[in-house]
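User: Please take a close look at one strand of this model and at what surrounds it.

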Amino acid sequence: MDQFAIQLIHGRTHISPKRLGNPGPSASQKETILLAANAAPDHGRRVPWRFIEIQESSRPVLGEVFRQCLLDRDQEANPIQQQEALDKAYRGPLLLLAVANYKDSNEDISKQEKLISLGCAIQNILLSTYALGYGSGLSSGRALQSDRIRALFKLMDEEEPICFITIGTVIKNKPYRIRPNLSEYHSTF
Ligand SMILES: Cc1cc2nc3c(=O)[nH]c(=O)nc-3n(C[C@H](O)[C@H](O)[C@H](O)COP(=O)(O)O)c2cc1C
């Protein structure tokens with residue numbers, strides 16, 4: 001395999017959204033990143049996923065949903081905790097929500113296959129981001145399972161929010177992560 005591909009695959013690491021700052025990708029770089037998603041394997045070519053970009057102007061309303069979700073879980077959350085929940089919506093110059101679409105999963109293409117396709121699309125996004133010199137991080141959290149998030153993003157019944165993807169310039173990075181050994185996930189039959 002080409003050295004660039006090896007470096008790309010093994011060099012990418014999760015960067016905490018807190019450590020992703022400006023500048024973010026330019027408009028054309030953003031298009032390159034998003035177009036990488038459509039190269040994902042997709043059985044039946046259903047495009048069983050979509051990515052919603054949360055613009056700057058929408059960060060306050062998302063932050064408020066995060067804060068409300070925290071209060072749903074813990075009515076006694078203090079103002080500092082509430083502010084932390086709110087702040088999460090402001091991290092990173094480019095913020096995407098990855099959404100799986102399981103429409104017609106009872107037919108020949110299962111929900112699992114659709115979710116795998118989304119995972120591949122996400123990885124294509126992460127690798128393209130890294131190739132362009134930016135960092136990325138995935139985040140989930142309990143708010144994603146809430147009706148508040150579904151309502152905010154007007155998700156359809158057959159859709160499921162999977163994770164946020166934050167993209168930006170790496171401000172600070174943690175030491176390189178130790179990867180699992182081959183023997184942990186490979187066997188012969
Ligand atoms: C669907 C999904 C959701 C994730 N959500 C979180 C999260 O909420 N918080 C977090 O720190 N990392 C999250 N991660 C990132 C993983 O923690 C990270 O990929 C893992 O630690 C491996 O590190 P690496 O990506 O650098 O190899 C998520 C990863 C996936 C695939």
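Analyst: The strand chosen is β5, which five bridges join to β4 in an antiparallel run; strands here are DSSP runs of E of at least two residues, numbered from the N terminus, as helices are from H or I runs of at least four residues, and two strands pair if DSSP finds at least two bridges between them. Within this pairing, Gly 137 stands opposite Thr 166 in β5. The model is predicted, with local features requiring pLDDT of at least 70 and side-chain atom pairs counting only at pLDDT 80 or more, while totals for chains, interfaces and linings use all residues. Residues are numbered from 1 along each chain as its sequence is written.

Strand β3 (residues 94–101) also pairs with β5, in the antiparallel sense, over eight bridges. In β5, the residue opposite Ala 98 is Cys 163. Strand β1 (residues 20–21) is antiparallel to β5 as well, with two bridges, and Leu 20 faces Val 170 of β5.

The ligand is a further neighbour: β4 (135–139) and β5 (159–170) each supply at least two residues of its shell, a residue being near a molecule if its C-beta atom, placed from the backbone, lies within 6 Å of it. Around the ligand are Thr 13, His 14, Leu 138, Ser 139, Ser 140, Gly 141, Ile 162, Cys 163 and Arg 177. Cys 163 thus belongs to the ligand's surroundings and stands opposite Ala 98. By class, this shell has three nonpolar, five polar and one charged residues, where Ala, Val, Leu, Ile, Met, Phe, Trp, Tyr, Cys and Pro count as nonpolar, Asp, Glu, Lys and Arg as charged, and the others, Gly among them, as polar.
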